[in-house]
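The following note sets out points on domain arrangement and helix packing for a colleague's consideration. Please read it alongside the sequence and coordinates.

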Amino acid sequence: MLNKLVLFDIDGTLLTVGNINRQTLIDALIEVYDTEGSARQHNFAGKMDSVIIYEVLQSTGLTDKEIALGFEQVKQTYIELFRQQAKADDIILMNGIPELLASLSERDDILLGLLTGNFEGSGRHKLHLPSINHYFSFGAFADDARHRNDLPAIAVERARNITGKTFTPQEVIIIGDTEHDIRCARAIEARCIAVATGNYSSETLLEHKPDALFEDFSDTEKVIRSIVSF
């Protein structure tokens with residue numbers, strides 16, 4: 001019986017992307033706003049793509065109103081450039097991810113979804129290139145909300161639309177590699193599994209008190225036992 005909703009972050013959790021992600025955003029910013037702002041050195045980890053665009057442009061003195069005027073254009077330009085230029089060689093799956101997703105997808109008690117700061121168009125392409133997109137029939141993305149903490153409720157509602165089941169907070173597990181994933185899980189009192197495969201060390205992640213912490217997901221059975229134990 002379906003009783004767990006498992007929501008994965010993408011970057012730093014499922015996979016890592018080469019410099020093409022940052023470079024295509026820089027190219028889009030220059031095309032639309034004639035500046036890259038602080039995009040070359042900005043920390044993207046755990047942040048919504050929409051928030052990143054505002055933050056890197058605010059550093060140039062542009063107002064939110066000025067940024068908003070070009071936002072949809074820069075979003076679409078970035079997605080198009082990324083889809084055109086990113087290749088399979090730019091994507092590296094994290095240790096254990098292929099085995100973990102294959103095992104989870106075979107279970108009838110778990111529904112897999114995405115909860116990510118990516119725009120759906122670019123995020124889906126990141127998953128398509130290493131052939132793991134098919135594991136995720138739905139998700140909540142940067143297109144859906146400005147704030148990451150709003151995404152869990154959106155994902156839960158989409159899961160209900162697909163399955164007819166309303167998952168309780170205790171049945172929702174958010175998996176990610178940053179403090180932002182832990183915080184958004186807490187926003188709906190969901191469970192959170194943190195993994196230190198991104199830019200955050202296990203020591204830093206522990207400070208934010210995830211329900212479970214892994215160095216990586218190489219031990220498939222151990223990760224699954226953790227998921228079903230909640």
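1. In this predicted model, the centres of domain 1 and domain 2, taken over C-alpha atoms, are separated by 24 Å. The domain assignment of the protein places residues 4-17 + 90-229 in domain 1 and residues 19-85 in domain 2. Domain 1 is thus written as two segments in that assignment.

2. The contact between the domains draws on 22 residues from domain 1 and 20 residues from domain 2. About 1,700 Å² is buried between domain 1 and domain 2, and carbon and sulfur atoms give 61% of that area.

3. Which three residues of domain 1 supply more of the area that it buries against domain 2 than any other three? They are Phe-119, His-125 and Arg-146, which together supply 37% of it.

4. A further point concerns helix α2 (residues 49-58) and helix α3 (residues 64-85), which pack with their axes 10 Å apart and at an angle of about 130°. Their relation is therefore oblique, since the angle lies outside the 65 to 115 range of roughly perpendicular pairs and is not over 145, as roughly antiparallel would require. The crossing of α2 past α3 is right-handed.

5. On the α2 side, the contact is made by Asp-49, Ser-50, Ile-53, Tyr-54, Leu-57 and Gln-58. The α3 side contributes Asp-64, Ile-67, Ala-68, Phe-71, Val-74 and Tyr-78. Classified by type, the residues in this contact of α2 with α3 are eight nonpolar, two polar and two charged.

Methods. Residues numbered from 1 in each chain as written. Predicted model: local features only at pLDDT ≥ 70, side-chain atom pairs only at ≥ 80, totals over all residues. Heavy atoms only, no water. Axes fitted to C-alpha atoms, helices over the stretch in contact; angles between N-to-C directions. Helix = DSSP H or I, 4+ residues; strand = E, 2+ residues; numbered from the N terminus. Parallel < 35°, antiparallel > 145°, perpendicular 65-115°, else oblique. Left-handed = near helix turned anticlockwise from the far one by under 90°. Contact = heavy atoms within 4.5 Å. Nonpolar A, V, L, I, M, F, W, Y, C, P; charged D, E, K, R; others polar. Domains from an automatic or database assignment. Buried area = accessible area lost by both parts, 1.4 Å probe.
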